[in-house]
Amino acid sequence: MKKIEAIIKPFKLDGLKEAFSSIGIHGMTVTEVKGFGRQKGHKEVYRGAEYVVDFIPKTKVEIVANDDQIEQIIETIIGAVNTGKIGDGKIFILPVEEVVRVRTGEKGKEAI
C-alpha cells in the first residue's frame, strides 16, 4: 500500500474529485495548506502599499491505495490539475505499513 499526497492549486480540487470518482476512487482527505516552491511567492498591492506574499494557498489531497492503483491515480491527478504553468504542484508517494479501520478493526486492503 502507498499513500499519495498531492499539493495542488485550490481551484482544481472539484475537477480532481470528479476525475477520482470516474476511476472508482471515492475517499480522500483534503487540507488547506500554504507554501512555496520555485515561484517563491509574489508581490501584491493593498491600499497603495506593496508587500510580498511568501506563502501561496494550496490544497493537499491525501489518498491511501493498493500498489496496483498508484500509476493510474498519478496519471489521473496530472490530467486533472495540470495547467502547464508554474505552481501546478507536486505529488509524493510514501509507503504505508498498515491501515486499520477504527469502527470495525479491519486491517490491510479491507480497511482502505
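Leaving aside neighbours within four places in sequence, E62 is in contact with K3, I4, E5, M28, T29 and T31. This glutamate lies in strand β5. Its relative accessibility is 15%, and because buried means under 20%, E62 counts as buried. Between E62 and S22, which are 40 residues apart in sequence, the C-alpha to C-alpha distance is 17 Å. These values, like the others in this report, come from a predicted model.

**Overall layout**

The protein chain has two helices and six strands. Along the sequence these elements follow the pattern β-α-β-β-β-β-α-β. The radius of gyration is 17 Å, well over the 13 Å that the globule rule gives for 112 residues, so the protein chain is more spread out than a compact globule. Along its principal axes, the C-alpha trace spans about 60 × 25 × 20 Å.

Of the 112 residues in the protein chain, 31% are buried. The accessible surface comes to about 7900 Å², and carbon and sulfur atoms hold 51% of that area. Among contacts with a separation of 6 or more, 71% are between residues 24 or more positions apart.

**The sheet**

Four strands make up an open sheet, in the order β2-β5-β1-β6, with antiparallel pairing. Strands β2 (29-35) and β6 stand at the edges; each has a single partner strand, so one side of each is left without a neighbour in the sheet. From one strand to the next, the twist averages 20 degrees.

Strands of a sheet pair through backbone hydrogen bonds, either parallel or antiparallel. Here, strand β1 (residues 2-8) pairs with strand β5 (residues 56-65) in the antiparallel sense over seven bridges. The pairing of β1 with β6 is also antiparallel and also runs over seven bridges.

K2 has a bridge partner in each of these neighbours: A65 in β5 and P95 in β6. K3 stands opposite V64 in β5, and K3 is also among the contacts of E62.

**The helices against the sheet**

Helix α1 (residues 13-22) lies across β1, β2 and β5, and runs at about 15 degrees to β5. Helix α2 (residues 70-81) also packs on the sheet, where it touches β1, β5 and β6. The direction of α2 makes about 5 degrees with that of β1.

Which residues of α1 are buried? They are L16, A19 and F20. Seen down the axis of α1, the buried residues fall within an arc of 100 degrees, so they line one face of the helix. What covers them includes β1, β5 and α2. On the other side of α1, D14, K17, E18 and S22 are exposed. S22 is thus the exposed residue of α1 whose C-alpha is 17 Å from that of E62.

Just after α1, G24 takes a positive phi of about 90 degrees. H26 follows in the loop between α1 and β2. With a relative accessibility of 70%, H26 counts as exposed, because exposed means over 50%. H26 and G89 are 63 residues apart along the chain, and their C-alpha atoms are separated by 22 Å.

**After the last strand**

Where is V102 placed? V102 is in the segment after β6 (89-95). Its relative accessibility is 80%, and V102 therefore counts as exposed. V102 and V45 are 57 residues apart in sequence and 48 Å apart in space, C-alpha to C-alpha.

**Selected residue pairs**

The table sets out the separations given above, with distances taken from C-alpha to C-alpha.

| Pair | Separation in sequence | Distance in space |
|---|---|---|
| E62 and S22 | 40 residues | 17 Å |
| H26 and G89 | 63 residues | 22 Å |
| V102 and V45 | 57 residues | 48 Å |

One residue from each pair has also been placed by accessibility: E62 is buried at 15%, H26 is exposed at 70%, and V102 is exposed at 80%.

Notes:
Residues numbered from 1 in each chain as written. Predicted model: local features only at pLDDT ≥ 70, side-chain atom pairs only at ≥ 80, totals over all residues. Heavy atoms only, no water. Buried < 20%, exposed > 50% of the residue type's maximum accessible area, 1.4 Å probe, protein only. Pairing = 2+ DSSP bridges. Axes fitted to C-alpha atoms, helices over the stretch in contact; angles between N-to-C directions. Contact = heavy atoms within 4.5 Å. Rg over C-alpha atoms; globule rule 2.2 N^0.38 Å. Areas by Shrake-Rupley, 256 points an atom, 1.4 Å probe, with all protein chains shown as cover. Arc of directions from axis to C-beta.
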